[in-house]
Amino acid sequence: MSAFRCILVSMEIDQILAKAEQAETEVVELTSELIKFNTAHPDGYTDECVAFIKEYFDEHGISSEIHVTDPKKPNIVANLGGQCARTVLWMGHLDVVPEGKPETWTYPAYSGTVKDGSIYGRGSSDMKGACAAAMVSARILNELGGSLPNNVAFWFTSDEEVGGVKGAHWLAESGKLKGDVCVIGDGNGGGLEMPSLDLGCKGGATTRLISRGRTAHGSVPFLGDNALRKLIDVIPFIEKIGEFKLNYPDELIEPVSASIAFVKAAQNLTPEQELAAERLFDYPTVSCTMLSAGVKLNVVPDYAEATFDIRLTPGTDPGKVKTQIESLLSQAKVPGVEVEVHAPARAGYYESPDSAFANQLAGAVEKAAGKPTFYKILTGGTDGISVSGIAGIPSLGYGTSLAGQAHQPDERVSVANLVLGVKVYSTFPLIYTG
Ligand SMILES: [Zn+2]
């Protein structure tokens with residue numbers, strides 16, 4: 001028996017859960033305050049929001065550090081020392097996507113309005129609510145003083161919505177992330193109704209079609225070679241990648257069917273949407289999301305470009321998808337059109353459902369929600385791709401988001417989900433034994 005306590009007894013876990021319960025007002029107020037900082041892209045400035053978080057940590061005697069590669073986009077970490085050598089990380093992002101048209105919001109996007117058990121505003125679900133829950137968890141764990149078993153580091157990053165350039169990606173590449181496991185606070189943990197955790201997330205194979213032709217006066221188009229017309233002809237061929245069967249490891253078969261059931265249960269889908277949801281992991285999803293061509297009404301365009309957002313299930317081979325896209329282009333037989341496929345070495349990431357980490361995080365979620373949990377895979381990407389793929393730290397997701405709220409007008413998060421978040425984020429570091 002070591003002189004150190006590497007795990008707390010269950011009575012102490014119950015006390016922590018009670019403290020989380022009592023922190024309801026605090027987590028609601030913090031969420032509302034965080035929303036009031038406009039951290040939306042294209043700027044994505046997090047400096048004022050980070051200063052607010054730093055002040056909270058200072059007030060509560062929690063040691064924190066700011067890591068910066070761009071002064072307008074700092075990242076902050078709260079470090080709590082434990083008695084054992086293991087370190088548990090938590091990570092969440094502070095940047096948000098733009099609010100869109102103001103008239104689509106019932107309450108202003110950066111008001112942080114609290115009403116009927118919900119907090120409204122851009123970033124409430126994705127993911128300032130979870131960040132507020134993590135701040136409160138850091139406060140609760142810090143109050144344990146010297147009796148904390150594992151070291152714990154709560155990371156709050158910038159730039160997640162643009163691939164983590166000055167946030168998680170940079171932190172991972174520059175070797176600043178050190179730990180044994182990481183809980184990613186992004187995504188939807190199913191609340192009290194469908195408690196679950198994400199084994200990982202999908203990854204992307206961004207694809208660009210480039211069409212070149214010859215310009216001419218719009219009155220004599222036969223003298224030119226219309227790059228836009230050619231691009232339009234090729235687009236349906238690239239979209240056929242959505243028919244390419246993906247192979248993923250057997251250990252993901254169950255999480256995949258649970259994920260599909262989750263997507264179907266969490267939202268009201270039409271029969272066609274249900275069919276699409278059933279294909280969500282067995283085939284790539286493909287969306288032509290950007291087009292650009294032409295300079296003037298009466299000029300035949302000599303250049304056109306289209307970008308495709310293609311998403312792949314973790315454990316599948318992006319290289320095979322790239323080869324298939326190239327073959328689809330040659331089937332189109334349109335001269336002067338090229339394709340560039342950015343195929344990463346692996347698609348997204350995932351951790352094994354049989355790992356001790358997965359079992360112990362599931363245990364924490366189960367204890368907090370009072371219900372059995374299940375494993376699923378997130379369709380969107382998270383900072384976990386950098387933490388797992390670059391820093392090599394096993395990562396699992398448990399988020400406080402509500403279904404269908406991320407990136408939407410009238411985005412909201414429920415108070416119940418936030419309290420649950422505090423419970424999970426403050427108990428898991430206490431029960432993790434590796
Ligand atoms: Zn997010």
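This is a guided tour of a predicted model, going from its domains to a helix and then to single residues.

**The two domains**

Begin by colouring residues 3-202 together with 348-431, which the domain assignment gives as domain 1, and then, in a second colour, residues 203-246 together with 283-341, which it gives as domain 2. The centres of domain 1 and domain 2, taken over C-alpha atoms, are separated by 38 Å. Where the domains touch, 10 residues from domain 1 and seven residues from domain 2 take part in the contact. On the domain 1 side, select β8 (196-201) and β14 (349-350), each of which supplies at least two of the residues that touch domain 2. That side of domain 1 is made up of five nonpolar residues, four polar residues and one charged residue.

**A residue where domain 2 begins**

Next select Gly203, which is found in strand β9 (residues 203-204). Is Gly203 buried or exposed? Gly203 counts as buried, because 23 C-beta neighbours lie inside 10 Å. If you show its contacts, leaving aside neighbours within four places in sequence, you will find Leu312, Pro314, Pro344, Arg346, Ala347, Gly348, Gly381 and Ile385. It is also worth drawing a distance from Gly203 to Thr382, since these residues are 179 residues apart along the chain while their C-alpha atoms are separated by 9.1 Å.

**Helix α3 and its two sides**

Now move to helix α3, residues 47-59, and draw a line between its end C-alpha atoms, which are 18 Å apart. This agrees with the span expected for the helix, because its 13 residues, at 1.5 Å a residue, should span 18 Å. Show the side chains of Cys49, Val50, Ile53 and Phe57, which are the buried residues of α3. Looking down the axis of α3, you will see that these buried residues fall within an arc of 95°, so they line one face of the helix. The elements that cover the buried residues of α3 include α2 (24-36), β1 (63-67), β2 (75-80), α4 (124-142) and β6 (151-157). Turning to the other side of α3, you will find Glu55, Asp58 and Glu59, which are exposed. After α3 comes Gly61, whose phi is positive, near 65°.

**Two cis peptide bonds**

Most residues other than glycine have a negative phi, and most peptide bonds are trans. With that in mind, go to the loop between α2 and α3, which is the place of Pro42; the peptide bond from His41 to Pro42 is cis, with omega near 15°. A second cis peptide bond runs from Asp126 to Met127, with omega near -10°, and Met127 is found in helix α4.

**Two aspartates with positive phi**

The last stops are two residues that have a positive phi although neither is a glycine: Asp116, at about 45°, and Asp410, at about 55°. Asp116 can be selected in the loop between β4 (114-115) and β5 (118-120), and this residue is exposed, with 8 other C-beta atoms within 10 Å. Asp410 has its place in the loop between β16 (395-397) and β17 (412-414). How does Asp410 count, and what is the reason, when its C-beta neighbours are considered? Asp410 counts as partly exposed, because it has 15 C-beta neighbours inside 10 Å.

Terms used:
Residues are numbered from 1 along each chain as its sequence is written. This is a predicted model: local features need pLDDT of at least 70, side-chain atom pairs count only at pLDDT 80 or more; totals for chains, interfaces and linings use all residues. Domain bounds come from an automatic or database domain assignment. Two residues are in contact if their C-beta atoms, placed from the backbone, lie within 7 Å. Helices (H or I, at least four residues) and strands (E, at least two) are DSSP runs, numbered from the N terminus. Ala, Val, Leu, Ile, Met, Phe, Trp, Tyr, Cys and Pro count as nonpolar, Asp, Glu, Lys and Arg as charged, and the others, Gly among them, as polar. The expected span of a helix is 1.5 Å times one less than its number of residues. A residue is buried if 20 or more other C-beta atoms lie within 10 Å of its own, exposed if 12 or fewer, and partly exposed in between; C-beta atoms are placed from the backbone. The arc is that of the directions from the helix axis to the C-beta atoms.
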